[in-house]
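Colleague: Thanks for making time for this one. Could you walk me through the model?

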Amino acid sequence: MADKVASFRIPAHIVLGCGAAEAVGAEAKRFGGRRAFLIGDPNLQKHGVVDRIMEGLKAEGLEVKLWTEVEPEPSVQSVDAAAGVAREWGSNLVVGVGGGSALDTAKGVALLLRNSGTLQDYFGIGLAKQRGVPSILIPTTSGTGAEITPNSLFYVPALREKKAVVSAYTIPDVAIVDPLLTLTVPPSVTAATGIDALSHAVESYTSLNASPMTDLYALEAVRLIGTHLRTAVANGSDLAAREGMARASFYAGVAIGNAGTNIVHALAYPLQGQHRITHGVANSLLLPYGMEFNALSNLTKFAAVAEALGEPIAGLSPRAAAARSAEACRLLSMDVGIPRRMSEVGIRQEHIGALVEGAMKMTRLWANNPRQVRPEDAKAILEKAL
Ligand SMILES: [Fe+2]
């Protein structure tokens, strides 16, 4: 059967490699940037990363206003507040540097500078009227892929939910991926973001929206993570491992930006909204269980995941080979020292009902899932992960 028609979107310009961040000033100038609103992760300031980006912009003659009030898992209110300051200052360019929270904040602010109202007006798919101001996103963790995707996630305190703005207008104009910026990321964050990237790669590879183009990126991301994540966690100054993980995160982001995530992210979002567990850890907790459930849908692809993670699958039946994929992920999570059971982060049986209810609302993600998931299936998977 012929593959279905697939569209493929990525940032217009990608600068990737050690030292790539030095390009920020020249890139900003190329877009006619004069007044740059620089959104930086507050934790990066002590390492001088934000200052280096600011100096790069100033060296090209831009005025810079720095905003570091980035919230972890940013609330809509925090993004509206940042956009208000940027608008009043007359910013015509947004630069985001940091982890997923800083980059999502930057995506929201850039959009609001050319679309009226508040961020809540754009929750949903394709609701923005036009592109935001030009934006440059610079990740400093290897995992979220926020610098590539059309998705950004925000916490709504009143609902205790994370809501998504899904808009091609939020794909940045430039993504700058510099592994040197990840050298100071602590092992626990390297581990959680690395498994988040693995989840992106596996979910997009097995998504109903996967295409031959996204498969290229997704499977290579799995292979890179299998090769480099343990070393990046064990020895954060190993540049080859950091470079491998930066590339993996970017590739996995390209894959989810076009094929989407499914079961793992759908089950993980309520953990974040209802229990304030970070995105990476929430996904890590559910990855092997989601894979075990989905493996039936495509034994060949799950076997390829196992092989890309270094599992010897020669001579195994398709079913046994596919099963090795979840087992390989479980071992990787164990080796990099992140929680493997939901009970380790305070989840109990009495929480399961609300988690199932929250997960079933993620219709955007279930539409990509290769196996139908009923509420009783979600309940069984979450109970296994307890
Ligand atoms: Fe994710």
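**Sheet and metal site**

Modeller: Gladly! Bear in mind that this is a predicted model. A good place to start is Leu38, whose bridge partner in β3 is Leu66.

Colleague: How many bridges join strand β2 to β3?

Modeller: Strand β2 covers residues 35-40 and runs parallel to β3. Helix α3 (residues 76-89) lies across both strands, at about 160 degrees to β3. The number of bridges joining β2 to β3 is 5.

Colleague: And which are the edge strands of the sheet?

Modeller: The sheet is open, its pairing is parallel, and the strand order is β1-β9-β6-β4-β2-β3. An edge strand pairs on one side only. That gives β1 (13-16) and β3 (63-67).

Colleague: Which helix packs on the sheet touching β1 and β9?

Modeller: Its direction makes about 160 degrees with that of β1. The β9 strand that this helix touches spans 174-177. The helix is α7 (residues 239-259).

Colleague: Now the metal: is the site of the iron ion regular or irregular?

Modeller: The iron ion is coordinated by Asp196 (OD), His200 (NE2), His265 (NE2) and His279 (NE2), at 2.1 to 2.4 Å. Tetrahedral would need all angles between 85 and 135 degrees. The angles among the 4 donor atoms run from 85 to 165 degrees, making the site irregular.

Colleague: How many residues apart in sequence are the parts that Asp196 and His265 tie together?

Modeller: Asp196 is buried, with a relative accessible area of 2%, and His265 is buried at 2%. Asp196 lies in helix α5 (residues 187-205) and His265 in helix α8 (residues 263-275), so the pair links parts whose separation in sequence is 69 residues.

Definitions and conventions: Residues are numbered from 1 along each chain as its sequence is written. This is a predicted model: local features need pLDDT of at least 70, side-chain atom pairs count only at pLDDT 80 or more; totals for chains, interfaces and linings use all residues. Side-chain values use heavy atoms; hydrogens and water are left out. Donors are N, O and S atoms within 2.8 Å of the metal (3.2 Å for Na, K and Ca); water is not among the atoms, so sites may look incomplete. Four donors count as tetrahedral if all angles lie between 85 and 135 degrees; four count as square planar and six as octahedral if opposite donors are over 155 degrees apart and all others between 65 and 115; anything else is irregular. Helices (H or I, at least four residues) and strands (E, at least two) are DSSP runs, numbered from the N terminus. Buried means under 20% relative accessible area, exposed over 50%, partly exposed in between (1.4 Å probe, protein chains only). Two strands pair if DSSP finds at least two bridges between them. Contact means heavy atoms within 4.5 Å. Axes are lines fitted to C-alpha atoms, for helices over the stretch in contact, and angles run from 0 to 180 degrees between N-to-C directions.
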